[in-house]
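This report describes the structure shown below, working from its overall make-up to individual local features.

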Amino acid sequence: VFYDCPDSSGTTTVGCFHAAGGKEASPRRAPRMPDETLLIVDDEAEVRASIRRALRGDGLRFLEAGDGNEALVQVAAHPEIDLVLLDLAMPRLDGFGFLDRFRADPVHQAVPVCVLTGGADSASRRRAIELGADDFVAKPVDVTELETRVASLRRARRQRRSLDDLTRELKARIEERNHYLRVAMEKYEELKRVHDAALAASRAKSAFVASVSHEMRTPLNGVL
């Protein structure tokens with residue numbers, strides 16, 4: 001159970017957690033400014049609330065949806081989504097349907113999706129993987145497992161972004177160098193044309209001078 005617990009000075013620490021048996025765990029760290037967006041898709045409002053409580057303070061901005069259709073609306077309105085926690089069994093459009101449509105958009109093919117499994121069988125897990133699921137968290141959700149899975153997927157997301165940024169930078173540098181090479185080749189071809197034209201003119205001049213010299217010598221040879 002999560003709650004806000006005041007210390008002896010009256011200062012409130014956000015999100016203390018009581019484990020089973022009433023043992024109090026260490027207070028959670030103070031929240032930091034959100035820098036990544038998490039979409040929670042589950043038809044149970046309490047599950048969504050418990051996930052928010054478990055992950056608050058981790059620099060996440062939360063979006064919520066009660067089914068796959070609502071999730072698609074959130075995705076359309078917030079294309080900057082960095083991670084999705086997805087339940088499979090939902091009304092209207094279930095998790096499979098959402099995942100299929102979500103992955104169909106190239107923009108979202110690299111966004112990690114962690115499936116919340118409430119007793120899902122191996123066939124359901126296999127289908128979710130085939131549709132693009134990256135990881136699984138069992139329901140009811142264990143806080144430690146959830147934090148660990150989410151942290152791992154966020155690292156993977158950052159690494160993918162860094163790789164994408166590096167790839168774009170390398171492509172830009174390659175294109176820039178290719179541009180310089182194209183310009184250099186164009187200048188080379190232009191200089192070659194000028195050189196060839198000058199060489200042809202020089203050869204024509206030499207041939208003309210030789211011809212004139214020959215014509216001038218020919219009458220004199222006849223007289224001699």
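The sections that follow treat the fold, the nonpolar cores, one covered helix, the salt bridges, a surface patch and the backbone.

## Overall architecture

The model is predicted. Its protein chain contains five helices and seven strands, which follow one another from the N terminus in the order β-β-β-α-β-α-β-α-β-α-β-α. Among contacts between residues at least 6 apart in sequence, 57% join residues at least 24 apart.

Of the 224 residues in the chain, 30% count as buried. The accessible surface amounts to about 14,200 Å², and carbon and sulfur atoms account for 57% of that area.

## Nonpolar cores

In soluble globular proteins, nonpolar side chains tend to be buried together. Here the largest nonpolar core comprises 21 residues, and those with the most contacts inside it are Leu-39, Val-41, Ile-81, Val-84, Leu-86, Phe-98 and Phe-102. Two or more residues come from each of strand E3 (36–41), strand E4 (60–65), helix H2 (68–77), strand E5 (83–87), helix H3 (95–104) and strand E6 (113–117). H3 gives the most to this core, with four residues.

The surroundings of Val-41 give a local view of the packing. Beyond its neighbours within four places in sequence, Val-41 is in contact with Ala-65, Asp-67, Ala-71, Val-84, Leu-85, Leu-86, Asp-87 and Met-90. A second core, separate from the largest one, has 16 residues, including Ile-51, Leu-83, Leu-85 and Val-143.

## Helix H3

Helix H3 is mostly covered, with seven of its ten residues buried. The buried residues are Gly-95, Phe-96, Gly-97, Phe-98, Leu-99, Phe-102 and Arg-103. Their cover includes E3, H2, E5, E6 and helix H4 (122–131).

A polar contact is found at the start of H3: a side-chain oxygen of Asp-94 comes to within 3.2 Å of the backbone nitrogen of Phe-96.

## Salt bridges

The structure holds 17 salt bridges. In one of them, the side chains of Arg-157 and Asp-82 meet at 3.8 Å, N to O. Arg-157 belongs to helix H5 and Asp-82 to the loop between H2 and E5, so this pair ties together parts that are 75 residues apart in sequence. Both Arg-157 and Asp-82 are buried.

Other salt bridges lie within helix H5. The side chains of Glu-145 and Arg-149 meet at 3.6 Å, N to O; these residues are four apart in helix H5 and therefore separated by about one helical turn. Glu-145 is partly exposed at 25% relative accessibility, and Arg-149 is partly exposed at 31%. Asp-196 and Lys-192 form a salt bridge at 3.2 Å, N to O, and they too are four residues apart in helix H5, about one turn of the helix. Their relative accessible areas are 36% for Asp-196 and 37% for Lys-192, and each counts as partly exposed. In addition, salt bridges with shared partners join Asp-35, Glu-36, Arg-154 and Arg-158 into one network.

## Nonpolar surface patch

Leu-163, Leu-166, Leu-170 and Ile-174 make a nonpolar surface patch of about 370 Å². Leu-166 lies in helix H5, which spans residues 143–223, and is partly exposed with a relative accessible area of 42%. An α-helix has 3.6 residues a turn, so residues three or four places apart point the same way.

## Backbone features

Most residues other than glycine have a negative phi, and most peptide bonds are trans. Two sites in this model depart from these tendencies. The peptide bond joining Lys-139 and Pro-140 is cis, with omega about 0°; Pro-140 is placed in the loop between strand E7 (135–138) and H5. Arg-92, a residue other than glycine, has a positive phi near 60°. Arg-92 is found in the loop between E5 and H3 and is exposed, with a relative accessible area of 64%.

Note on methods: Residues are numbered from 1 along each chain as its sequence is written. This is a predicted model: local features need pLDDT of at least 70, side-chain atom pairs count only at pLDDT 80 or more; totals for chains, interfaces and linings use all residues. Side-chain values use heavy atoms; hydrogens and water are left out. A nonpolar core is a set of buried Ala, Val, Leu, Ile, Met, Phe, Trp, Tyr and Cys residues joined through side-chain atoms within 4.5 Å. Buried means under 20% relative accessible area, exposed over 50%, partly exposed in between (1.4 Å probe, protein chains only). Contact means heavy atoms within 4.5 Å. Patches are made of residues with over 30% relative accessible area and no salt bridge: like charges are joined within 9 Å, nonpolar side chains (Val, Leu, Ile, Met, Phe, Trp, Tyr) within 5 Å. Accessible areas come from the Shrake-Rupley method with a 1.4 Å probe; for residues, only the protein chains shown count as cover. A salt bridge is a side-chain nitrogen of Lys or Arg within 4 Å of a carboxyl oxygen of Asp or Glu. A polar contact is a pair of N or O atoms within 3.5 Å; within protein, one must be able to donate a hydrogen and the other to accept it, and residues adjacent in sequence count only if both atoms are side-chain atoms.
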